[in-house]
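Hi,

Here's the structure I said I'd pass along. Have a look at it first, and my notes on what turned up follow underneath.

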Amino acid sequence: MKTKDDLLSIVGYLEDSSNFKNGKANKVYIPENEDEVIEILKYCCKEKIPVTISAAGTGNVAGRIPTEGVILSTESLNKIIKIDSKNKIAVLQSGVVVNDFLKEIEKINLFYPPFPTERNAFIGGNIATNASGEYSFRFGPTRNYIKRIRLILSSGKVLDIKRGELFEKEGFLDYGIFKIKMPSYRTPDVKCSAGYYIKDKMDTIDLIIGSEGTLGVITEVELSLIDKLPERFIIIIFFDKDEDIPEIISKIKEQKDKLNIFSLEFFDKNSLEFLKEEYNFVVGQNCAIYIEADKEKIYLLDEILEKINYKDTVISESFSDYKKLIDFRYKLPENINSYFKKIGSIKIAIDASVPQEKFAQLYNFYKKIQKENLNLQTVIFGHIGENHLHFNLFPRNELQKELAEKIYVESIKKAVSLGGSGFAEHGVGKTKNKYLELMYGKEGVLEMAKIKKVFDPQCILSLDNIFPMNYLNFV
Ligand SMILES: Cc1cc2nc3c(=O)[nH]c(=O)nc-3n(C[C@H](O)[C@H](O)[C@H](O)COP(=O)(O)OP(=O)(O)OC[C@H]3O[C@@H](n4cnc5c(N)ncnc54)[C@H](O)[C@@H]3O)c2cc1C
C-alpha cells in the first residue's frame, strides 16, 4: 500500500471545489485492494484515528477534506471489473474515474444515465453524494442506477448490499450484523441530497447512497446501464418577461415524453450577462429556457412553441452547433466563478428544490428577493425541469455578507415549508452541516447521528460531514 506523509503531498488532498480552508491531515493512505482498506480501517479504529474518505475532490462541500486524522484515498481502486453488455450492467471499483468508464461503455453503445456534469469525479464520490447530472430531468440521480454496493465498515466488516433484497420492515432496516431503527423524519419527494435517505418501505441500499463517507468505505459497485442515447438537438428559447416562466415550464413539461426531452434548464437576465462574450445572441435578452431533446422528434417542436409566448430562439442545426450550445450550460458556472474570484467576492449558493406544484412559489420568492436587493449581485439559473434552481449570491462587503446569509437561511426555510429540500445536490459536507437542522430539526439530525453510530461505533469516519461531529456526543 502507498502512503504519503509529507506536507506537500498532503496539501493536494485538502481542497475540493468548495472554498474550505481548515483542512488538516497527518497522512494519506492509498490502498490498492479491499484487504488493504480493511487493514487501514481496523488499525485506525483500534487507535481511534479519524479517517476521511477521499475520491477525486470535485465535491462542492468539503466532504473529502479532513480537519484531523488521516485520509483514505480511493484513487488506486480504479479497476473496471466487468461490463456485461447483454444484461446491461457494470461492476467497478469505487475509484474509477467516471469519464474513463463512460468512454469504455460508449465503445459498445451503452450509456450510464446519471451522466454526472463533472466527469472527473470517481464513481464512489458520485454514489456518496448521490450526484445528479446533465440528464437528471429524464433519468434522475445516481441512486436510480446502483444495484449493489460493497461497503467496508470502520470495524473492517464487509457489507455486500444488493438492491431489491431487503426493505424496511416493521420500523427497521436489517443489515444482517445490525438493524437500524427507522428515524422519525422522511426524505422529501423532491431532488434531494440532504443527509441520510429515509423513506417508508425503502431498500436498505438507499441509506448508503448519499451518506458522504460517514457510514463506511464503498469499495465496489454494480451499476445498471442503458442503450446509448439517440442523437439530440438543443433549442434556447428567449422570453421578454420572466414572471410567466413557471407556467411556461409546466407547458413544456407536458411534452416531456412526446419530445423525449433530456434536459430542461433556465437562465435569468443576470446569468445571460455572463455569457455574452462567447454567445453574442444573448445580448439584449431577458431570460432563457434551454431544452435538449431527441433529434427525431424535432418536427414536434412547433407544438411547444405555439403554446408559449416567446421572443426568439436559437436552435442547433448541425452537430457542431449542438456541441457549441452544449457548452452554453458549462460556460456559465465557469464564467461566474472566475469573475467573482477575480473581484474577491465569496459565493453563497442556495440549492433548494420543491415539488412541481410549489415551484412557482419558490421562484417568485427568489425573484422578489432579487428585486428588493438590487445592490447585491445575484444569478438564478439551472435545473428548472427538476424544480431546482441555483440562486447564487455574491456579497461584496460585510453588510452584504450578513444579508446574503440571512437570505440563505430564509430560502431554505421557504423550500422546506413548501415540502422541498434545502440541499438538492452536492450533499451537505462540512460547509452546510450547521444548516441541516433547518430541514429536519435538531431531533432529525440527532437521529442521523444515531444511525452513524451504529455503522461506525468508534466514530472515526468522515467526521463533520452531514452534521457537526459534536452531535455524536449527544446520542
Ligand atoms: C464543475 C463542477 C460541476 C459539478 N456539477 C455537479 C452536478 O451537476 N451535480 C452534482 O451532484 N454534483 C456536481 N458537482 C459536484 C461533484 O462533482 C460531485 O459531488 C461528485 O459526486 C464528487 O465526486 P468526487 O469523486 O470528486 O468526490 P470527493 O469530492 O472526493 O468526495 C465527495 C464525498 O464522497 C465521499 N466519498 C468519496 N468516495 C467514497 C467512497 N468510496 N466511499 C465512501 N465515501 C466516499 C467523501 O468522503 C466526500 O464526502 C460538480 C462539481 C464541479 C467541480
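α4 gives the largest share of the shell around the ligand, with 5 residues. That helix spans 123–129, and β3 (51–54) and β12 (217–224) likewise each put at least two residues into the shell. Keep in mind as you look around that this is a predicted model.

Which residues come nearest to the ligand? They're glycines: Gly59, Gly63, Gly124, Gly125 and Gly213 come nearest, out of 36 residues around the ligand. By class, the shell splits into 22 polar, 9 nonpolar and 5 charged residues.

Now for the chain as a whole. The protein is divided into four stretches: domain 1 covers 2–73, domain 2 covers 80–227, domain 3 covers 230–338 and domain 4 covers 343–449. I looked at how the first two meet. The C-alpha centres of domain 1 and domain 2 are 21 Å apart, and 14 residues of domain 1 are in contact with 17 residues of domain 2.

On the domain 1 side of that contact, the elements giving two or more residues are α2 (34–47) and β3. The largest share there comes from α2, which supplies 6 residues. That side is made up of 8 nonpolar, 4 polar and 2 charged residues.

One element to look for on screen is β3: this strand supplies at least two residues of the ligand shell, and it also gives two or more residues to the side of domain 1 that touches domain 2.

Shout if anything's unclear.

Cheers

Methods: Residues numbered from 1 in each chain as written. Predicted model: local features only at pLDDT ≥ 70, side-chain atom pairs only at ≥ 80, totals over all residues. Near = placed C-beta within 6 Å. Helix = DSSP H or I, 4+ residues; strand = E, 2+ residues; numbered from the N terminus. Nonpolar A, V, L, I, M, F, W, Y, C, P; charged D, E, K, R; others polar. Domains from an automatic or database assignment. Contact = placed C-beta atoms within 7 Å.
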